Amino acid sequence: MKHALVLDDNLPHFDGRHYRNPENWRPDEARTARSPSQRIGNIFRWQMGLRPRWPDALPPQKTYPQVTPAAGECCVTFVGHATVLLQFGRTGRAPLRIITDPVFSERCSPFRSFGPRRVCPPGIALDALPRIDIILVSHCHYDHMDLPSLRALAERDDPLCISLPGNRRHLKKADLPRIVELDWWEGMADDGAHITATPALHGSARTPFDSNRALWGGFTIKADGHTVFFAGDTAWGRHFDAIHRRWPTIDLAILPIGAYDPRNLMRRVHMSPEEALMAFDTLGAKQGLPIHFGTFQLTDEAILEPPTRLEFACRPARRPFRALENGDSLTLPPTDTKS
C-alpha cells in the first residue's frame with residue numbers, strides 16, 4: 001500500500017520532557033486522540049475483564065543447529081519474541097554479530113514472580129550465544145529491554161549497546177560498558193556496520209511515572225552489502241513510506257505481527273498481521289521475518305493466531321514473509337554491491 005502524500009521526515013517528536021508520535025504519520029482512522037487518563041482507564045477496564053489465557057507452555061519444538069555465515073552471507077536467527085541474532089560473514093575475520101532486544105528471562109516484568117511468563121523457550125540459550133558485538137535496544141518496555149539479559153551480555157562480551165534518547169538511564173543499570181543514543185534518522189558506523197535509528201509509532205514506560213520519557217524506534221543496519229531493517233515495536237503508519245524513501249532496497253524487514261487484540265486499544269501501538277504485510281509491501285523488502293508473537297501473552301489474541309493470519313494474508317501473492325520457529329534461521333546470500 002503506497003501513499004502519494006509527501007511526508008515530512010523530521011516532524012518534532014520531543015517537547016523538552018516527553019516524546020510523542022507525529023499524528024500525521026498515522027492512518028486517518030487511527031487519529032482519534034485520547035487523553036492519558038482515558039487510555040489508562042480503558043486499559044484498566046480491559047485488564048479487569050474476563051480475558052482468554054494462553055497455555056502455560058507449548059509442546060517442545062524442534063532443536064535447530066546454530067549457523068555460521070560464510071563470507072558475504074548474513075545469517076538471521078529468530079531467538080524468540082523480538083530477539084533476533086544477525087551474523088554478517090566477513091573474509092578473514094569472525095562474523096559481525098548483532099542482537100536485537102535480547103530478552104532471555106522467564107518473565108518480562110519488574111517482578112520475578114508476577115507478570116507475563118514465557119511459554120516458549122529461547123531458540124538459543126543465553127549461555128550458548130556466540131560472542132555479541134552490538135546490541136540494539138528499541139525501547140524500554142520490559143519485553144524489549146531486559147536488564148538481567150543485558151547485564152549477562154555486558155559482563156561476558158563487552159558489547160556496544162545502541163538505543164534511542166532517554167534510554168541510557170535504564171541501560172546503565174545493566175553495567176553496559178558503551179552506550180550510544182541515536183535519535184530518529186541519526187546514524188553511526190562501528191566495526192564495518194552502519195546503523196541508523198528509525199521512527200516507530202509506539203510509546204515507552206518502565207514505571208507508572210515515566211510515560212514517554214524515553215524514545216522508541218527501530219534500526220536499519222547496513223553491513224557487508226546487506227540492508228536489514230528491524231522495526232522494533234510499532235503501529236502501522238506512514239513512517240514506513242519515509243523509511244522506504246531513505247532505503248529503497250531492503251534485503252530483510254523484521255516486523256512485529258502480534259499483541260494487537262483488543263484492536264480498539266492496541267491499534268495505536270501494535271500492528272496486526274495484515275498491517276505488518278502492508279508495511280512489508282510499503283518497504284519493498286525482498287524478504288520479511290515476523291517477530292513479537294508466541295512467547296509472552298501481552299494481549300488477547302490466541303497464541304498461534306498471528307503467524308496463521310500472516311500466512312493466509314501472504315498466500316495469494318506468495319510474499320516471502322514467513323514465521324520461523326524459535327532457533328530457526330534464514331540466510332541472505334552474498335550481494336554483488338558493497339554499498
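**Helices, sheets and odd spots**

Q: At what angle do the axes of α6 and helix α7 (residues 305–314) cross, and how far apart do they come?
A: They cross at roughly 50° and come within 8 Å. The axes are lines fitted to C-alpha atoms, for helices over the stretch in contact, and angles run from 0 to 180 degrees between N-to-C directions. As for the names, helices (H or I, at least four residues) and strands (E, at least two) are DSSP runs, numbered from the N terminus. One thing to know early: this is a predicted model, in which local features need pLDDT of at least 70 and side-chain atom pairs count only at pLDDT 80 or more, while totals for chains, interfaces and linings use all residues. Residues are numbered from 1 along each chain as its sequence is written, and side-chain values use heavy atoms, with hydrogens and water left out.

Q: Why are α6 and α7 called oblique to each other?
A: Angles under 35 degrees count as roughly parallel, over 145 as roughly antiparallel, 65 to 115 as roughly perpendicular, and the rest as oblique. Roughly 50° falls in "the rest", so α6 and α7 are oblique.

Q: Which way does α6 pass α7, and what makes a crossing left-handed or right-handed?
A: The crossing is right-handed. That word is used if the near helix is turned clockwise from the far one by less than a right angle, and left-handed if anticlockwise. On the α6 side, the contact (heavy atoms within 4.5 Å) is made by Pro273, Glu274 and Leu277. On the α7 side, Pro306, Arg309, Leu310, Ala313 and Cys314 take part.

Q: What classes make up the contact of α6 with α7?
A: There are 6 nonpolar, no polar and 2 charged residues. Here Ala, Val, Leu, Ile, Met, Phe, Trp, Tyr, Cys and Pro count as nonpolar, Asp, Glu, Lys and Arg as charged, and the others, Gly among them, as polar.

Q: What makes α4 and α6 roughly parallel or oblique?
A: Helix α4 (residues 239–246) packs on helix α6 (residues 273–283) at an angle of about 30°, and their axes are 8 Å apart. That angle is under 35 degrees, so the pair counts as roughly parallel. Their crossing is right-handed. Phe240, Asp241, Ile243 and His244 of α4 meet Ala279, Thr282 and Leu283 of α6, and these residues divide into 4 nonpolar, 2 polar and 1 charged.

Q: What makes β7 and β12 edge strands?
A: Each of them pairs on one side only. Two strands pair if DSSP finds at least two bridges between them. β7 (187–190) and β12 (287–291) end an open sheet of 6 strands in the order β7-β8-β9-β10-β11-β12, with mixed pairing. The twist in this sheet averages 15° from one strand to the next.

Q: How do you know that β9 and β10 pair?
A: There are 5 bridges between β9 (residues 218–223) and β10 (residues 226–230), against the at least two that pairing asks for, so they pair. The two run antiparallel, and Thr220 stands opposite Phe229 in β10.

Q: Which strands are at the edges of the open sheet of 7 strands?
A: They are β6 (178–181) and β13 (329–332), each pairing on one side only. The order is β6-β5-β4-β3-β2-β1-β13 and the pairing is mixed. Within it, β1 (residues 74–80) and β2 (residues 83–90) pair in the antiparallel sense over 6 bridges, with Thr77 opposite Leu85 in β2.

Q: What is the peptide bond from Asp261 to Pro262 like?
A: The bond is cis, with omega near 10°. Pro262 sits in the loop between β11 (252–256) and α5 (263–266).

Q: What sign does phi have at Asp158?
A: Phi is positive, about 55°, although Asp158 is not a glycine. Asp158 is in the loop between α2 (147–157) and β5 (160–163).

Q: Where does pLDDT stay under 50?
A: That happens over residues 1–7. pLDDT is the predictor's confidence in each residue, from 0 to 100. Where pLDDT is low, the predicted coordinates should not be read in detail. The chain averages a pLDDT of 91, and 90% of the residues score at least 70.
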